[in-house]
Amino acid sequence: MGTDKKANKQSRYSKRTFFITFLCVMGVFAAVRYIFSINIPLHVEERAVEEKEELVYTEPAVSAESIIEPIATEVDVAVEEITTDSLLVDDFATNSDSINQSHRIKGVWSYAECFPDVQDVQILAAQRHGITPVGNRQEADILVKNHKLVNICHSPYYIVDDLTHSIPYLVPKAQHLLNTICMNFMDSCMVKGLPPHLLMVTSVLRTTDDVSNLQKGNKNATTNSCHCYGTTVDIAYNRFMPVVGEYGDVELLRWDEPMKKVLSEVLFDLREQGKCYVKYERKQGCFHLTCR
């Protein structure tokens with residue numbers, strides 16, 4: 001009997017212990033679940049706030065001095081370039097020594113100084129790349145048939161003037177240079193917002209007979225001219241042909257300084273690249289150039 005009571009009492013203690021343990025475990029799970037149900041949204045919300053702050057973050061405001069100073073410097077440089085570029089006139093050579101070299105910009109600042117290649121310089125290139133001078137035009141025609149010379153009369157890039165003391169023949173190398181000059185010129189005109197114009201070729205190949213006839217009216221004409229080798233051409237800087245309508249009905253553009261400047265820039269670039277020698281001919285109104 002005493003044993004049964006003791007067994008029943010232990011059984012009740014075991015049930016109570018199990019029930020209390022079960023309640024504790026459930027309480028712990030409930031507490032953990034409650035804690036996570038609060039912390040997870042808070043964590044997500046804090047992260048969203050941080051991302052939002054990163055999105056709207058901006059650098060500190062820049063001071064007015066840091067903005068104005070570079071702009072003022074650029075304006076000074078632009079004004080300096082315009083002022084220097086305005087010196088592009090024919091009379092520049094007479095007083096060029098008075099110009100501070102440090103204020104010159106890269107490019108054509110003086111026609112006379114930028115294109116100084118005289119006869120002695122150009123004749124060497126002419127003899128190296130050209131033909132043996134011919135006595136008359138019949139001999140020149142034979143060289144055209146043999147593809148030593150090229151007739152340049154028909155081209156979409158330039159106009160050949162009414163030639164009186166030369167014929168429109170060049171060696172292929174010089175013809176290629178002429179085409180490059182004229183295409184670059186038209187390209188530059190369009191880039192600068194100027195209406196496209198064709199260049200005017202005023203002198204090309206001279207035979208011995210042409211030189212003799214020229215010397216009758218011009219005692220300063222050179223006997224051993226660069227034009228005798230088919231490597232040399234004169235391009236007018238005071239006449240330009242507008243690219244509109246029929247050429248016979250269009251009036252030439254004369255003494256246009258912007259056009260002259262564009263042409264000079266094109267020639268200056270090619271001269272700097274070692275493609276040609278160029279002489280600024282003030283009295284003849286042309287650039288006298290020889291391929292290199």
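Is Tyr 111 buried or exposed? I began with this residue in what is a predicted model. Tyr 111 has a relative accessible area of 1%, so I entered it as buried.

**Entry: Tyr 111 and its surroundings**

I then looked up the place of Tyr 111 in the fold. Tyr 111 belongs to helix 3, which covers residues 111–114. I also checked a contact distant in sequence: Phe 287 lies 176 residues away from Tyr 111 along the chain, and the two C-alpha atoms are 9.6 Å apart.

**Entry: cysteines**

How many disulfides does the model contain? I recorded a count of zero. For Cys 291 I looked up the closest cysteine sulfur, which belongs to Cys 276. The two sulfur atoms are separated by 8.8 Å, and a disulfide would require them to lie within 2.5 Å, so this pair is too far apart for a bond. I noted the accessibility of Cys 291 as well: its relative value is 1%, and I therefore list Cys 291 as buried. Cys 114, at 2% relative accessibility, is likewise entered as buried.

**Entry: positive phi angles**

I turned next to backbone angles. His 147 has a phi near 65°, a positive value in a residue that is not glycine. I located His 147 in the loop that runs between helix 5 (137–145) and strand 1 (150–151). Its relative accessible area is 66%, which is over the 50% cut-off, so I classed His 147 as exposed.

Trp 255 also has a positive phi, near 50°, and is a residue other than glycine. Where does Trp 255 sit? I found it in the loop between strand 7 (253–254) and helix 8 (257–272). With a relative accessible area of 61%, Trp 255 is exposed.

**Entry: the largest pocket**

I closed with the empty space in the model. The largest pocket holds about 940 Å³. I noted 32 residues in its lining, and those closest to the pocket centre are Arg 206, Asn 218, Asp 234, Glu 281 and Gln 284.

Which strands each supply at least two residues of this lining? I listed strand 4 (197–203), strand 5 (232–236), strand 8 (276–281) and strand 9 (286–291). I also looked up the character of the lining of the largest pocket: 15 residues are polar, ten are charged and seven are nonpolar.

How values were computed. Residues are numbered from 1 along each chain as its sequence is written. This is a predicted model: local features need pLDDT of at least 70, side-chain atom pairs count only at pLDDT 80 or more; totals for chains, interfaces and linings use all residues. Side-chain values use heavy atoms; hydrogens and water are left out. On a 1 Å grid over the protein atoms alone, a cavity is a set of points where a 1.4 Å probe fits but cannot get out, and a pocket is an open set with protein on both sides within 12 Å along at least five of seven lines; lining residues have an atom within 4 Å of a point. Grid points are joined across faces, edges and corners, and a volume is the space filled by probe spheres set on the points. Helices (H or I, at least four residues) and strands (E, at least two) are DSSP runs, numbered from the N terminus. Ala, Val, Leu, Ile, Met, Phe, Trp, Tyr, Cys and Pro count as nonpolar, Asp, Glu, Lys and Arg as charged, and the others, Gly among them, as polar. Buried means under 20% relative accessible area, exposed over 50%, partly exposed in between (1.4 Å probe, protein chains only).
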